[in-house]
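Me: I have a model open on my screen and would like to understand the labels attached to it. Could we go through them together?

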Amino acid sequence: GAFDSIWVGDSIAAKPRLESITLLSAVAALTERVKLGPACFASFPLRHPVLLAYQWASFDVICEGRSIMVACQGARGPVAGESENEWSAMDMRLPERAARMEEGIGILKKLWNGDKVSHKGRYYNFENLTIEPKPIQRECPIWIANNPELFGVKHELLNKIARRVATIADGWQTTLVTPQQFSLAWNRIEDQAKEIGRCVAEMPKCLYYNCHINENRERAYFESKEYLDAYYTTDFNKEQLETWVAMGSPEECIASIQRFIDAGANIITLRFTGRDQSKQLQRFITDVFPAFR
């Protein structure tokens with residue numbers, strides 16, 4: 001098949017869509033081969049990690065070990081929707097996002113790999129806790145999604161963000177970047193990994209990307225803007241859309257995707273930004289995918 005994985009969006013109230021673990025479980029029941037995960041799990045730091053560890057372990061059992069967790073601290077900016085309202089509704093503070101995500105990742109791994117687990121942390125404390133059943137995957141993967149360039153992170157924080165991926169992540173996902181930004185961000189992660197003596201050469205490097213195949217490129221642009229503006233309740237500019245969407249003829253879309261492969265991406269997830277989703281999917285399978293077979 002053309003696809004190795006299926007991904008769903010995640011938030012609590014920022015967008016009107018099905019809850020991600022529930023939806024992924026339904027997709028698991030209809031599939032046998034593909035990996036399944038959220039792109040990305042923006043509500044990760046809003047969910048209590050003990051409950052999330054239990055839910056995700058159950059999901060990994062349901063999908064027979066095909067899960068990929070993509071932890072995310074939640075977005076601010078053009079793709080955030082109403083995420084800031086979620087944080088106030090959950091009685092949590094936005095500056096805690098990264099620390100809660102980091103502590104939560106550690107708790108999930110502890111609970112999935114041990115019994116009578118105790119934890120004393122900044123936000124969470126518990127003793128002698130056992131989660132059953134455990135995930136089917138012995139090392140249930142947790143990727144980290146981030147895009148510091150998109151949100152104007154100051155330079156001194158970039159290495160800290162890269163070190164988090166280099167230290168505790170099993171994969172990396174990013175979005176709304178140019179090929180050059182993708183490559184620079186990955187190089188930063190590699191540099192941090194070398195400093196701590198970890199080899200990340202085989203780590204999944206995932207680009208979350210969009211695609212609209214249409215020989216009328218103006219039409220491809222119009223439908224992509226219409227789709228993404230509505231989905232994110234924002235007003236994307238031309239530069240953002242040209243960065244985020246492979247659009248135009250099959251040849252133009254192939255070239256756009258290839259540039260990210262050349263930049264180091266070894267997994268590319270695609271969302272089709274068109275009114276006729278079935279047609280876009282079929283055109284990708286017949287006109288674009290064969291170039292990457």
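Me: What makes Thr269 count as buried or exposed?

Reply: Happy to help, and please keep in mind that this is a predicted model. Thr269 has 5% relative accessibility, and buried means under 20%, so Thr269 counts as buried. You will find Thr269 in strand S10, residues 267-272. Leaving aside neighbours within four places in sequence, Thr269 is in contact with Trp7, Cys206, Leu207, Tyr208 and Tyr209.

Me: What is Tyr231 called, and why?

Reply: Tyr231 has 27% relative accessibility. The label buried needs a value under 20% and exposed one over 50%, so Tyr231 counts as partly exposed. Tyr231 is part of helix H7, residues 217-232. Beyond the neighbours within four places in sequence, Tyr231 is in contact with Gly9, Lys15, Arg17 and Arg271. Lys15 is 216 residues away along the chain, yet the two C-alpha atoms are separated by 7.7 Å.

Me: And Phe182: what makes it buried or exposed?

Reply: The relative accessible area of Phe182 is 0%; the limit for buried is under 20%, so Phe182 is buried. Phe182 sits in helix H6. Setting aside neighbours within four places in sequence, the residues in contact with Phe182 are Trp172, Thr174, Val177, Lys205, Cys206, Leu207, Phe260, Ala263, Gly264 and Ala265. Ala263 is 81 residues from Phe182 along the chain, with 6.7 Å between the C-alpha atoms.

Me: How many disulfides does a search of the whole structure find?

Reply: The search finds 0 disulfides.

Me: Why is there no bond between the sulfur of Cys211 and the closest cysteine sulfur?

Reply: The closest cysteine sulfur to that of Cys211 belongs to Cys253, at 4.1 Å. A disulfide needs the two sulfur atoms within 2.5 Å, so this pair is too far apart for a bond. Cys211 is also buried, at 0% relative accessibility.

Me: Why is Cys63 not bonded to its closest cysteine sulfur either?

Reply: The reasoning runs along similar lines. From the sulfur of Cys63 to the closest cysteine sulfur, in Cys140, is 7.9 Å. With a cut-off of 2.5 Å, that is too far for a bond. Cys63 has 0% relative accessibility and counts as buried.

Me: Why are helices H2 and H4 called oblique to each other?

Reply: Their axes cross at roughly 50°. Angles under 35 degrees count as roughly parallel, and 65 to 115 as roughly perpendicular; roughly 50° falls in neither range, so H2 and H4 are oblique. The axes of H2 (residues 49-62) and H4 (residues 97-113) come within 9 Å, and H2 passes H4 in a right-handed crossing. From H2, the contact is made by Pro49, Val50, Leu52, Ala53, Trp56 and Ala57, and from H4 by Gly104, Ile107, Leu108, Leu111 and Trp112. Sorted by class, these are 10 nonpolar residues, 1 polar and no charged.

Me: What angle do H5 and H6 make, and which classes of residue are in their contact?

Reply: H5 (residues 155-168) and H6 pack at about 65°, with their axes 8 Å apart. The crossing is right-handed. Among the residues of the contact are Leu158, Asn159 and Arg163 of H5, and Arg188, Gln192 and Glu195 of H6. The contact divides into 7 nonpolar, 3 polar and 3 charged residues.

Me: What is noteworthy about phi in Glu64 and Leu176?

Reply: Most residues other than glycine have a negative phi. Glu64 has a positive value near 60°, and Leu176 a positive one of about 55°. Glu64 is in the loop between H2 and strand S3, whereas Leu176 is in the loop between strand S7 and H6. At 63%, Glu64 is over the 50% limit and so exposed; at 8%, Leu176 is under 20% and so buried.

Me: Which peptide bonds here are cis?

Reply: Most peptide bonds are trans. The bond from Ala39 to Cys40 is cis, with omega near -10°, and Cys40 lies in the loop between strand S2 and H2. Another cis bond joins Glu132 and Pro133, with omega about -5°. Pro133 is in the loop between strands S5 and S6.

Note on methods: Residues numbered from 1 in each chain as written. Predicted model: local features only at pLDDT ≥ 70, side-chain atom pairs only at ≥ 80, totals over all residues. Heavy atoms only, no water. Buried < 20%, exposed > 50% of the residue type's maximum accessible area, 1.4 Å probe, protein only. Axes fitted to C-alpha atoms, helices over the stretch in contact; angles between N-to-C directions. Helix = DSSP H or I, 4+ residues; strand = E, 2+ residues; numbered from the N terminus. Parallel < 35°, antiparallel > 145°, perpendicular 65-115°, else oblique. Left-handed = near helix turned anticlockwise from the far one by under 90°. Contact = heavy atoms within 4.5 Å. Nonpolar A, V, L, I, M, F, W, Y, C, P; charged D, E, K, R; others polar.
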